[in-house]
Amino acid sequence: MTKRRAPIYLILLHYPIRDKTDTRDITTAITNIDIHDGARLAATYGCERYYLITPFEEQRSLVHRISSHWVDGKGSQRTPTRGIAMQKVAHTFDLIEACDEITKLHDSRPLIIGTSAQAQPDQKIGYDGLQEVIANSDQPIVLLFGTGW
């Protein structure tokens with residue numbers, strides 16, 4: 001019997017993000033590219049969902065407006081295949097809310113694997129190691145990306 005691969009979620013975190021001087025937390029703006037490219041990544045690699053996280057209601061509203069245009073609106077008639085990817089898009093107020101949603105779906109807290117531009121040798125994992133973690137995990141997996149500095 002083949003073990004089922006752990007469900008994978010992509011998250012693009014827009015808050016909290018450190019500013020370029022690394023002195024305070026800031027919020028970065030969600031862009032149209034964030035929404036479309038992340039959705040395509042999630043669809044291409046078989047991820048369950050793609051979360052965009054921001055505390056700003058206006059930004060979450062933008063995510064909803066753009067994704068629903070392609071899923072249910074006029075965009076779905078003009079380019080139906082884009083709607084397939086955009087169905088993966090979700091938005092939440094913070095990382096905790098996204099993890100709570102994932103936990104409810106799978107009755108298990110997700111294992112969060114984050115990316116960083118900062119060298120962290122004691123927490124580094126390569127492609128082969130990550131592939132092994134995903135293959136052997138009983139938990140859902142979150143691949144966490146940040147924006148800004």
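**Close-up A. Arg-82 sits over the face of Trp-70 in this predicted model.** Look for the arginine at 4.5 Å from the centre of the Trp-70 ring.

**Close-up B. Two tyrosines, Tyr-9 and Tyr-51, form a tilted pair.** The count of aromatic pairs comes to 1. The ring centres of Tyr-9 and Tyr-51 are 6.4 Å apart, and their planes meet at 35 degrees, so the pair is classed as tilted. Tyr-9 belongs to strand 1 and Tyr-51 to strand 4, so the pair ties together parts that lie 42 residues apart in sequence. Both tyrosines are buried.

**Close-up C. The largest nonpolar core holds 21 residues.** Those touching the most other members are Ile-35, Tyr-50, Leu-52, Met-86, Val-89 and Ile-141. At least two residues of this core come from each of strand 1 (8-13), helix 1 (32-44), strand 4 (49-53), helix 2 (57-71), helix 4 (80-86) and strand 7 (141-146). Apart from this core lies another, of 10 residues, and Tyr-9, Leu-13, Ile-53 and Ala-90 are among them.

**Close-up D. Val-89 and its surroundings are worth a view of their own.** Leaving aside neighbours within four places in sequence, Val-89 is in contact with Ile-35, Ala-39, Arg-49, Tyr-50, Leu-52, Val-63 and Ser-67. Three of these names may be familiar from the previous view: Ile-35, Tyr-50 and Leu-52 are, like Val-89, among the residues that touch the most other members of the largest nonpolar core.

**Close-up E. Cys-47 and Cys-99 are buried cysteines without a partner between them.** A search of the whole structure gives 0 disulfides. Cys-47 is in no disulfide, and the nearest cysteine sulfur, that of Cys-99, is 15 Å away. Seen from the other end, the closest cysteine sulfur to that of Cys-99 is in Cys-47, and 15 Å is too far for a bond because a disulfide needs sulfur atoms within 2.5 Å. Cys-47 has a relative accessible area of 4%, and Cys-99 is likewise buried, at 4% relative accessibility.

**Close-up F. A cis peptide bond links Tyr-15 to Pro-16.** Omega is near -5 degrees here. Pro-16 is found in the loop between strand 1 and strand 2 (17-18).

**Close-up G. Asp-22 has a positive phi although it is not a glycine.** Its phi is about 55 degrees. Asp-22 lies in the loop between strand 2 and strand 3 (25-26), and it is partly exposed, with a relative accessible area of 48%.

**Close-up H. Asp-107 also has a positive phi without being a glycine.** The angle is about 55 degrees. You will find Asp-107 in the loop between helix 5 (95-106) and strand 6 (111-114), where it is exposed, with a relative accessible area of 74%.

Definitions and conventions:
Residues are numbered from 1 along each chain as its sequence is written. This is a predicted model: local features need pLDDT of at least 70, side-chain atom pairs count only at pLDDT 80 or more; totals for chains, interfaces and linings use all residues. Side-chain values use heavy atoms; hydrogens and water are left out. A nonpolar core is a set of buried Ala, Val, Leu, Ile, Met, Phe, Trp, Tyr and Cys residues joined through side-chain atoms within 4.5 Å. Buried means under 20% relative accessible area, exposed over 50%, partly exposed in between (1.4 Å probe, protein chains only). Helices (H or I, at least four residues) and strands (E, at least two) are DSSP runs, numbered from the N terminus. Contact means heavy atoms within 4.5 Å. Rings of Phe, Tyr and Trp (its six-membered ring) pair if their centres lie within 6.5 Å; planes under 30 degrees apart count as stacked, over 60 as edge-to-face and the rest as tilted. A charge sits over a ring if NZ of Lys or CZ of Arg is within 6 Å of the ring centre and within 35 degrees of the ring normal.
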